[in-house]
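Colleague: Got a minute to go through the protein–DNA contacts with me? Put the model up and we'll start.

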2 protein chains.
Amino acid sequence: MPKISRPRSCTRCPYQYKYLNLLGNENISSIQNNCMIIHFKRGENIIKQGTDVTHAFYLAQGLVSLFIEGEKRNLILKIKKAGDYIGLQTLFGDLKYRYSVSALEDSMVCMIKSGIFLETSKKNPDFLFEIMRGISLSYNYMYKKIKDINCKQLRGRMADVLLYFSEELYHSKSFEVPMTRKEMAQFASMSMENAVRILSEYKKEGIITVEGRKITILEEEILKRISELG
Amino acid sequence: MPKISRPRSCTRCPYQYKYLNLLGNENISSIQNNCMIIHFKRGENIIKQGTDVTHAFYLAQGLVSLFIEGEKRNLILKIKKAGDYIGLQTLFGDLKYRYSVSALEDSMVCMIKSGIFLETSKKNPDFLFEIMRGISLSYNYMYKKIKDINCKQLRGRMADVLLYFSEELYHSKSFEVPMTRKEMAQFASMSMENAVRILSEYKKEGIITVEGRKITILEEEILKRISELG
DNA sequence: TATAAACATTGATACATATCAATATTATAT
DNA sequence: ATATAATATTGATATGTATCAATGTTTATA
């Protein structure tokens, strides 16, 4: 069960709540008064595909995955980390969620009622503008993701996943993957068995080392070439 | 070669330029002064993947396809019709296009310099707000598209394409597809040969009739079931 | 601590889909 | 009008990838 609390002071937010500095004090307190802080444990559902869009989310701490639930399989589109907003891209459409979000690590999330968020952003063009920038960037990410799914094959997609962890998320050639093999497979859009198989191949080929969830990239250049060639 | 001209009066735009009514006269004339009207012929490129984002587009007349160019194949993500904006989803990120847009029919496009568009929208929250709504909706469409690609197989995806033409674009069970078989294949994310094959199958099964580009849906319910079952 | 449940691994097999090939048809250009 | 290229069609084949099955390993639970 998620633990719920209320923020003490959003003005002095210790989690660097983004773009809040662009708002006046009155707007910040309006957000604060309509904000809930919720703690999720690994595996818990933050957004459930098919439900109404009611809140904007800010991931103060933790790590979550955004994924589409399909009949046959899920597809993890994106990992969101501390400091990221969640759900802004579809906040303005007044619709139902087309994706789910769940916690990969214990996470702390600020939920702001969508109405308040919309009002505030309407009153503060600079704020809204930054939101739009974020949406544009995330759109570009989506295009890349679709392109990769459409063009690359298994080895290329798994290389992308490994490089994402190494370069984007952990900034290290050695890291502990924050998910199960099944989730890695969903992130790379393939079956779990093939995900395992390809990791084993890379291991045999001396490109990476694998010990459970601990992975080290030995031959980054080769991995990048595999990613580029697809 | 695209033919270029300038708008006479955007205030009395005959093409129902969306949300312009939310702007004051001074803003409209600012847009008008920074707007070019361009005529594209079928097949011509409106936006080229990889180039800089410099303009917002409004499709006054015609029909265009938005697609991702891949090494092996292209993927048509969306058809845009008269009255649609193009390129807003990534206008605010100040980046390069991750997709291409080309004319399926002879089209007339208004190009507004991105800077002007951004300025105007910053000064007019209501306008910006409507833009955001559009982006949210189009995001939802993307999620659906990705889900379909990820989950459905050939027959289901081709059913989707046919139903899209019938229900969304032409509002008729009988229509002339605005593209080649190859493009239909790219729209349904499959090889051209399989696109043709599946159309032939549907024909043999009495679900549709096909004469060149002219297609008539005979058994809509069956097609819908194929689409749902994937 | 025992026992079940979830997760991970590897090989064998089945299947969906792309690719190749041959040919017909239509559109475009000289 | 004729040549040439683009488009469309169908069947045969190759290939990538999922699925199935068996087994080992780790994690959660009673």
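**Contacts to the two DNA strands**

Modeller: This is a predicted model. DNA strand C is surrounded by 16 residues, and the closest are A:Arg181, A:Arg197, A:Ser200, B:Gln153 and B:Asn194.

Colleague: How much of the strand C contact is sugar and phosphate?

Modeller: Of the atoms of DNA strand C that come within 4 Å of the protein, sugar and phosphate account for 61%.

Colleague: What does B:Asn194 do there?

Modeller: B:Asn194 has a polar side-chain atom 2.7 Å from a phosphate oxygen of DNA strand C. A polar backbone atom of B:Ser191 is 3.3 Å from a phosphate oxygen of that strand.

Colleague: And which base atom of strand C is 3.2 Å from B:Arg197?

Modeller: A base oxygen, with a polar side-chain atom of B:Arg197 at that distance.

Colleague: Which element gives the largest share of the surface near strand C?

Modeller: α6(A), with five residues. By class, that surface has four nonpolar, five polar and seven charged residues.

Colleague: Switching to strand D. Which residues are closest?

Modeller: A:Gln153, A:Asn194, B:Arg181, B:Arg197 and B:Ser200, out of 16 residues that surround DNA strand D.

Colleague: Which side chains have an N or O atom by a base nitrogen of strand D?

Modeller: B:Arg197 is one of them, at 2.9 Å. A:Glu193 is another, at 3.3 Å from a base nitrogen.

Colleague: Which elements give two or more residues to that surface?

Modeller: α6 of chain A, plus α5 (181–187) and α6 of chain B. The largest share, five residues, comes from α6(B).

How values were computed:
Residues are numbered from 1 along each chain as its sequence is written. Chains are lettered from A and ligands numbered from 1 in the order in which they are written. This is a predicted model: local features need pLDDT of at least 70, side-chain atom pairs count only at pLDDT 80 or more; totals for chains, interfaces and linings use all residues. Side-chain values use heavy atoms; hydrogens and water are left out. A residue is near a molecule or strand if one of its heavy atoms lies within 4 Å of it. A polar contact is a pair of N or O atoms within 3.5 Å; within protein, one must be able to donate a hydrogen and the other to accept it, and residues adjacent in sequence count only if both atoms are side-chain atoms. Helices (H or I, at least four residues) and strands (E, at least two) are DSSP runs, numbered from the N terminus. Ala, Val, Leu, Ile, Met, Phe, Trp, Tyr, Cys and Pro count as nonpolar, Asp, Glu, Lys and Arg as charged, and the others, Gly among them, as polar.
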